[in-house]
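Welcome, and please get your viewer ready. We will go from the whole chain to a few chosen spots, one selection at a time.

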Amino acid sequence: MIALSLSEISGAVNGVLHLDGALNADGSPTTPATVVSGAVDTDSREIRSGGIFVAKPGETTDGHLFAPAAIDNGAALLIVERALDLPVAQIIVADAVVALGDLATFVVARVRAEGRLRVIGVTGSNGKTTTKNLLRAILERVGPTVAARASFNNEVGAPITMLAVDFDTRFLVAEMGASGIGEIARLIRMVRPDVGIVLKVGLAHAGEFGGIEATLAAKTEMVTDLLATDVAVLNADDPRVAGMRAHTRARVVWFGQDATRTLRAPDGTDFSGVHATGIEVSRSGTTFTLHLAGGDTRPVTFQVLGEHHVMNALAAAATAEVLGVGIDDIVAALESVVTAERWRMQVLGGRDGVTVINDAYNASPDSMTAALKTLAQIRRPGERTVAVLGEMSELGEFSGDEHDRIGLLAVRLNISQLVVVGSAARRMHISTINEGSWDGESLFVDDQDDAFALLAATIRPGDTVLVKSSNSAGLRFLGDRLGEFFS
């Protein structure tokens, strides 16, 4: 974080500064003028010397209990909801999470006042983290860039990312997720983006949102507050996202895979979007020709597995072009990225020609469909495909039908072997049996240990194995075990 006095921080978060007995690292008394500049975190294990620990109450525990550990790790300041009997500066606030957001707003505004920082917001039902990582790889080639680690995209993770900016930062890439209406709007109010990206509106978290229309309303929040001087980067191939054009004052830049599409803005201006042609998918990645809106084209050898990730690459390329990055830097960065993120189409294994694709960080009907299609596309002649699938969570009333649909898709894609793990995903298995075209190609097991034992005994040389589930199902750990076993 940029250097701020305790007095400035207290004012930014509307808190009360508590200094009774507080000492600096050198043993001198702490005063309101004392300056801190360490990283901010809600995890005491991540605190380092000079850091700021935000004691956030949680669902199962209370961050205040970990304040002593944060001090042991070098915390210079605690942001707390009640005063603690500890010899370190404290700012007492009504709500620690709100205070975290307020501090992020203050810091980004101060850095932005220097006129250098550009803020990019990314949202969508799928692809946020991959797009964020690709965009970071591109932008780092032209200037200091801050982007979220992992999937830091909620009311806690997003401001922690924002607080990492300093006066040298040229780009802030903020991933913005939501499980309900108003959550993206709250993040937008912290740091209104110069560029807002919307990737897709799908059924991910539909159970929490209350349906696809509520999901659409929530994702539209990314563009409604953009100014006429800002840019909305929208997916032309998703009708729901394309319809957001009517809800923004910003200039619209399109991306999509439909090379023949020309879209017309309300003022009559035609936009030829950033798009890809000649897409070819293999187990080593995807090749395509990138076409920028300005007319530049280049071939791309994209190592991230799966045709669906080409859309994420196009979104990143469109945004980079808006920010003035040339096509040579865009392509060089895209080609340098090997894996989107751990547990996202991560290729493991290798022994006996066995390939394990661990894509079990998250799952929705859209991402499950894309992963299964990729598995079918990269099948080598004479070799088998194995899909190890777990629950798609947070689908609410859509859960049963969507699990049925994925089971049927596995049959229709002629996946050689389906292994369904866990009772919450059992309907995938039942739907394949009801399809009537399989005899033993679908198996059901209760848990990961049973799945591992089955797969370790039955996977054949040359098999390609996809492991896919929502994070809550935990199959990413099964994918790691299989990858290690066949390495």
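The tour below starts with the overall fold and then moves to single residues and one helix.

**Before you click**

This is a predicted model, in which local features need pLDDT of at least 70 and side-chain atom pairs count only at pLDDT 80 or more, while totals for chains, interfaces and linings use all residues. Residues are numbered from 1 along each chain as its sequence is written, and side-chain values use heavy atoms, with hydrogens and water left out.

**Select the whole chain**

Show it as a cartoon to begin. The chain holds 16 helices and 24 strands (DSSP runs numbered from the N terminus: H or I of at least four residues for helices, E of at least two for strands). Its radius of gyration is 24 Å, close to the 23 Å that the globule rule gives for 487 residues, so the chain is as compact as a globular protein of that length. That radius is taken over C-alpha atoms, and the rule is 2.2 Å times the number of residues to the power 0.38. Along the principal axes, the C-alpha atoms fill a box of roughly 75 × 55 × 40 Å.

Now colour by accessibility: 55% of the 487 residues count as buried (under 20% relative accessible area, with exposed over 50% and partly exposed in between, using a 1.4 Å probe and protein chains only).

**Select V13**

Look in the loop between α1 (6–12) and β2 (16–18). V13 is buried, at a relative accessible area of 4%. Which residues does V13 contact, leaving aside its neighbours within four places in sequence? They are I91, V93, A99, D102 and L103, where contact means heavy atoms within 4.5 Å.

**Jump to E213 and α8**

Draw a C-alpha to C-alpha distance from V13 to E213: the two are 35 Å apart in space and 200 residues apart in sequence. Next, select helix α8, residues 212–224. Its 13 residues reach 18 Å from first C-alpha to last, close to the 18 Å expected at 1.5 Å a residue (1.5 Å times one less than the number of residues). Of these 13 residues, 10 are buried, so α8 is largely enclosed by the rest of the structure. Among the buried ones are K219 and E221.

**Two positive phi angles**

Select M345, in the loop between α11 (327–336) and β19 (346–349). Although M345 is not a glycine, its phi is positive, about 45°. Is M345 buried or exposed? M345 counts as buried, at 4% relative accessibility.

Finish at E394, in the loop between β21 (385–389) and α13 (399–412). E394 is not a glycine, yet has a positive phi of about 65°. At 33% relative accessibility, E394 counts as partly exposed.
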